[in-house]
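Reader: I'm new to this one and would like a close look at its helices and what they rest against. Please go slowly and explain the terms as you use them.

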Amino acid sequence: MALTFDAGADAGYTGQILDTLSARRVRAMFGVTGKWAKANPELMERIVNEGHTVINHTYTHRSLTGYSTGEQPLSYDERADELWKTHSLILELTGASTKPYFRPPYGDYDESVLSDVYSRGYTYNVMWSVDSLGWKGLPKEKITERVLDGLEPGAIYLFHVGSQSQDGPALPGIISALRARGYGFVTVDEYLRPEG
Ligand SMILES: [Zn+2]
């Protein structure tokens, strides 16, 4: 299965999460906003240097469709700008490209979002099969329970790095529990290949 971490609020547990992943030799994917990368250039560099994959999570984390925020959908140009600003900043900070991975803020997308981001080089919309709900304030034990309940071959887990969530502190126990059940870790790019 694959572990993905969203980074859009504070730096939170990012350092601890990177330490855990590197000690356990697990590679993950990080969905990063441009704003977060700008505020945390050293952590951004660590994510890339330690072998993780970066997902473009837009610059400002506005909903592209407005579903979750009740706002107007963003125009094509606004969507392109969100992607481009994030991409060029991360490229400048780390030398790594965010293409072809995109993750929509709040998970809000529709056909127009998919075709707009595709036209800018983002051919993978990286969603998830299990949300840890750590961001809702669940304690470590509940997070681990949710992870194990949602376990299946090909599962994609959503965690958050921010201090609001206990995902970071729960991670060492989660990795041990998953390994004990015989599961290994891949990044999404290792099992999602372009079709056709
Ligand atoms: Zn997000």
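Author: What follows goes through some of the helices, with one strand residue along the way.

Before we start, residues are numbered from 1 along each chain as its sequence is written. The model is a predicted one, so local features need pLDDT of at least 70 and side-chain atom pairs count only at pLDDT 80 or more, while totals for chains, interfaces and linings use all residues.

Let's begin with helix α1, residues 14-23, where Thr14, Ile17, Leu18 and Leu21 are buried (20 or more other C-beta atoms within 10 Å of a residue's own; exposed is 12 or fewer, with C-beta atoms placed from the backbone). Look down the axis of α1 and its buried residues fall within an arc of 100°, so they line one face of the helix (the arc is taken from the directions from axis to C-beta atoms). Among the things covering these residues are β1 (2-7), α3 and α7. Helices here are DSSP runs of H or I with at least four residues, strands are runs of E with at least two, and both are numbered from the N terminus. Just past α1 you'll find Arg25, with a positive phi of about 55°.

Strand β1 holds Phe5, and this residue counts as buried because 28 C-beta neighbours lie inside 10 Å. Leaving out neighbours within four places in sequence, Phe5 is in contact with Ile17, Ala28, Phe30, Phe159, His160 and Val161 (contact puts the C-beta atoms, placed from the backbone, within 7 Å). Asp19 sits 14 residues from Phe5 along the chain, and their C-alpha atoms are 14 Å apart.

On to helix α3, residues 41-49, where you'll meet Met44. Met44 is buried, since 23 other C-beta atoms lie within 10 Å. Setting aside residues up to four places away in sequence, it touches Val32, Ala37, Ile90, Leu93 and Thr94.

Helix α3 packs with α4 at an angle of about 80°, their axes 9 Å apart (axes are fitted to C-alpha atoms, for helices over the stretch in contact, and angles run from 0 to 180 degrees between N-to-C directions). That makes α3 roughly perpendicular to α4, a label for 65 to 115 degrees; under 35 is roughly parallel, over 145 roughly antiparallel, and the rest oblique. From α3 the contact uses Pro41, Met44, Glu45 and Val48, and from α4 it uses Ile90, Leu93 and Thr94. Five of the contact residues are nonpolar, one is polar and one is charged (nonpolar: Ala, Val, Leu, Ile, Met, Phe, Trp, Tyr, Cys, Pro; charged: Asp, Glu, Lys, Arg; polar: the others, Gly among them).

Helix α5, residues 111-119, has Val113, Asp116 and Val117 as its buried residues. They cover an arc of only 90° around the axis, so they sit on the same side of α5. Those buried residues pack against α4 (76-94) and β4 (101-102). The face turned away from them carries the exposed Glu111, Ser115 and Ser119. Gly121 comes after α5, and its phi is positive, near 100°.

Finally, α6 (residues 140-149) and α7 (residues 167-180) have axes that come within 9 Å and cross at roughly 45°, which means α6 is oblique to α7. Lys140, Ile143, Thr144, Val147 and Leu148 of α6 meet Asp167, Pro169, Ala170, Gly173, Ile174 and Ala177 of α7. Sorted by type, the residues of this contact are seven nonpolar, two polar and two charged.

Methods: Contact = placed C-beta atoms within 7 Å.
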